[in-house]
Amino acid sequence: MRKLSQLLLGTLACTGITQPALAHGFAGQRFFPATLATDDPFVSDELSLPTYSHRRLGAEGDEPAVTQSAASVDFTKRITSNFGLGFGATYLRNSSDQGTARGWDNLALSAKYQFLKDDASESIASIGVDWDIGNSGSKSVGAESFSTVTPAIFFGKGFGGLGDDAKWLRPLAVTGSVGVGIPSRKSTTTVDDDGNESVEQHPDVLAVGLAFEYSLPYLQSFVRDVGLGEPFNRVIPLVEFSLEKPLDRGGGPWTGTVNPGFVWAGKYVQLGLEAVIPVNSKTGGGTGVLLQLHFFLDDIAPHGIGKPLL
């Protein structure tokens, strides 16, 4: 993690990109960065290429513990200024004592409508749906044969309106999402070589994402210039929580990860680095790393690919 941080900061120092972002993720003076582990509350033209994660996952049932590396691409495109569509694909490499499996996970499509942006209160809210397309990935890496549709609500709130007695808290912001993943099939029945049947239940799953951010650019520009130089004056430290809770068909405990880290946001590009830490023993596995290179297409080409279609 230390070496990755040094490499990332060194890259930032060489970019020369110091201007704040323009169209992307703003509500008033508040800039909401694209988060790595949870969904954004805004609609925009953006490209994440790549998002890379590496983590050891715990054993589950008859399946052994695996070390998983994942590289993904995510692209979203505005159809109108407030409505966008997205596409995501992830390539997985799972290594265990039984060997190594490689292949694509299920493809994902999404739609999102931003129905609120209040500049005065630095607030933003959207509704959307994500479709994990069953049978579109490789079974060798665990891609499911059934689809999952997740309707959700997304929100973001900055605290720039706090009084002078709490001015050092003004750079704080929180974003999040709440949704329910609904599988297209309630259960799957398999038969082993001896003719014995086993049934795997597929419950509806409550998915909660939260990100707590402290914007150093906001601190410098709207609270007090504390003298931060490049590249630290564009850094936003944050902590993300990505949590899940099965709701029926056997249920189960909360699982998920907490992801402390930071993003650096320039005019056209954002770089992010986070640790991935299991929230409890039920989640299993060990600590990992999450790294992302993110492009603001609506700022890179505002009259081209970054322009709404309608």
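Visitor: What makes the contact between Glu-122 and Arg-30 a salt bridge?

Guide: In this predicted model, the side chains of Glu-122 and Arg-30 come to 3.1 Å, N to O. The cut-off is a Lys or Arg side-chain nitrogen within 4 Å of a carboxyl oxygen of Asp or Glu, so the pair at 3.1 Å qualifies. The pair joins distant parts of the chain: Glu-122 sits in the loop between strand 7 and strand 8 (123-132), and Arg-30 in strand 2, 92 residues apart.

Visitor: Why are Glu-122 and Arg-30 called buried?

Guide: Buried means under 20% relative accessible area. Glu-122 has 4%, so the term applies. Arg-30 has 1%, so the term applies there as well.

Visitor: How many salt bridges does a search of the whole structure find?

Guide: The search finds six. One of them links Asp-45 and Lys-77 at 3.0 Å, N to O. Asp-45 lies in the loop between strand 2 and strand 3 and Lys-77 in strand 4, so this bridge ties together parts 32 residues apart in sequence.

Visitor: What makes Asp-45, Lys-77 and Arg-78 one network?

Guide: Arg-78 also forms a salt bridge with Asp-45, with the closest N and O atoms 2.5 Å apart. Salt bridges with shared partners therefore join Asp-45, Lys-77 and Arg-78. Asp-45, at 0% relative accessible area, is buried, as is Lys-77 at 12%. Arg-78 is buried too.

Visitor: How do you know that helix 2 is largely enclosed by the rest of the structure?

Guide: Helix 2 covers residues 216-223, and six of its eight residues are buried, so the description follows. The buried residues are Leu-216, Pro-217, Tyr-218, Leu-219, Gln-220 and Val-223. They pack against strand 2 (30-31), strand 13 (205-214) and strand 14 (235-246).

Visitor: Why does Asp-62 count as exposed?

Guide: Exposed means over 50% relative accessible area, and Asp-62 has 80%, so the label holds. Asp-62 is in the loop between strand 3 (46-57) and strand 4 (66-78). On the surface, Asp-62 gathers with Glu-60, Glu-63, Glu-144 and Glu-200 in a patch of negative charge.

Visitor: Why is Tyr-113 called partly exposed?

Guide: Tyr-113 has 41% relative accessibility; that value falls between the 20% limit for buried and the 50% limit for exposed, so it is partly exposed. Tyr-113 is in strand 7. Together with Phe-115, Leu-116, Ile-127, Ile-153, Phe-155 and Val-178, Tyr-113 makes a nonpolar surface patch of about 580 Å². Strand 7 (108-118) and strand 9 (148-158) are the elements giving two or more residues to this patch, and strand 7 gives the most, with three.

Terms used:
Residues numbered from 1 in each chain as written. Predicted model: local features only at pLDDT ≥ 70, side-chain atom pairs only at ≥ 80, totals over all residues. Heavy atoms only, no water. Patch = residues over 30% accessible without salt bridge, like charges linked within 9 Å, V, L, I, M, F, W, Y side chains within 5 Å. Areas by Shrake-Rupley, 256 points an atom, 1.4 Å probe, with all protein chains shown as cover. Lys, Arg positive; Asp, Glu negative; His and termini not counted. Charge placed at Lys NZ, Arg CZ, Asp CG, Glu CD. Helix = DSSP H or I, 4+ residues; strand = E, 2+ residues; numbered from the N terminus. Buried < 20%, exposed > 50% of the residue type's maximum accessible area, 1.4 Å probe, protein only. Contact = heavy atoms within 4.5 Å.
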